[in-house]
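Here's a short set of exercises to work through with the model open beside you. Try each task before you read its solution.

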Amino acid sequence: MVQKKLKRTYRVTKYIIYKETLIDYKEKFWSFLGAFIGIGLIAFIQSQSFSKVENIFLIGSFGASSVLIYGAIQSPYSQPRNLIGGHLLSAFVGISVFKFCPDIIWISAPLAVSTSIILMQYTKTLHPPGGATALIPIIGTEKITSLGYFYILSPVLTGVLILFVTAIIFNNMTKNRSYPTNRKSTRIFKTKKRLAKILSNFTVKVK
């Protein structure tokens with residue numbers, strides 16, 4: 001039973017990697033544009049709200065998330081449940097660990113990362129960049145650590161929502177791209193998009 005599951009996981013992973021690395025310049029263009037706009041929006045808000053020294057809105061784990069949700073959109077780790085749930089749970093773990101043992105980094109750092117992994121596994125929200133989100137409150141500047149549990153809402157939740165909304169838009173721009181994978185929300189999004197196109201064509205013809 002275990003061997004069959006391992007073989008199936010291997011086949012799925014191999015297929016996803018193969019499919020995502022095919023050279024399709026149109027698809028790569030939308031991956032680039034989605035990542036550029038998503039990170040760009042977060043960076044813009046950062047530049048308008050904080051000084052460059054107080055870089056608390058644009059956290060490093062968002063870069064890793066962008067690789068997944070714009071470059072490997074078929075991956076299970078890229079889906080909304082994993083993206084949002086993984087980051088939020090990891091942020092909660094990171095802050096909690098820091099509050100209980102803030103001064104012993106050789107314990108707090110590995111404890112935050114390992115605990116976030118287990119929690120994501122149990123809740124089926126495994127998102128690899130979540131490990132970095134859990135680590136940031138431990139190793140971050142005083143500005144980050146002073147946020148406390150507010151760190152979960154901003155920068156984590158606000159940034160993740162910006163990335164998610166951007167992914168919904170740019171990952172559904174062509175018929176070959178579908179995000180979330182096999183979800184009702186994707187079908188609704190694309191149906192509305194097609195209806196808008198039909199109505200606009202109809203309006204042009206009437207005029």
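A nonpolar core here is a set of buried Ala, Val, Leu, Ile, Met, Phe, Trp, Tyr and Cys residues joined through side-chain atoms within 4.5 Å. Keep in mind that this is a predicted model.

**Exercise 1.** Find which residues touch the most other members of the largest nonpolar core, and which helix gives the most to it.

Solution. Start with the core itself: it has 23 residues, and Ile69, Tyr151 and Tyr179 touch the most other members. Next, sort by element: helix 3 (61-71), helix 4 (80-100) and helix 8 each give two or more residues. Helix 8 comes out on top with 9 residues. Now zoom in on Ile69: skipping neighbours within four places in sequence, its contacts are Ser78, Leu83, Leu163, Ala167, Asn171 and Tyr179. There's also a second, separate core of 8 residues, with Val97, Cys101, Ala109 and Ala134 among them.

**Exercise 2.** Track down the salt bridge and work out what parts it ties together.

Solution. Search the whole structure and you get 1 hit. The partners are Glu27 and Arg177, at 3.5 Å from N to O. Then place them: Glu27 sits in helix 2 (residues 25-49) and Arg177 in the loop between helix 8 (150-170) and helix 9 (184-206), so the pair links parts 150 residues apart in sequence. Last, check exposure: both Glu27 and Arg177 are buried.

**Exercise 3.** Sum up the overall build.

Solution. Count elements: 9 helices and 0 strands. Then burial: 38% of the 207 residues count as buried. Finally, surface: about 12,800 Å² is exposed, with carbon and sulfur atoms supplying 69% of it.

Technical notes: Residues are numbered from 1 along each chain as its sequence is written. This is a predicted model: local features need pLDDT of at least 70, side-chain atom pairs count only at pLDDT 80 or more; totals for chains, interfaces and linings use all residues. Side-chain values use heavy atoms; hydrogens and water are left out. A salt bridge is a side-chain nitrogen of Lys or Arg within 4 Å of a carboxyl oxygen of Asp or Glu. Helices (H or I, at least four residues) and strands (E, at least two) are DSSP runs, numbered from the N terminus. Buried means under 20% relative accessible area, exposed over 50%, partly exposed in between (1.4 Å probe, protein chains only). Accessible areas come from the Shrake-Rupley method with a 1.4 Å probe; for residues, only the protein chains shown count as cover. Contact means heavy atoms within 4.5 Å.
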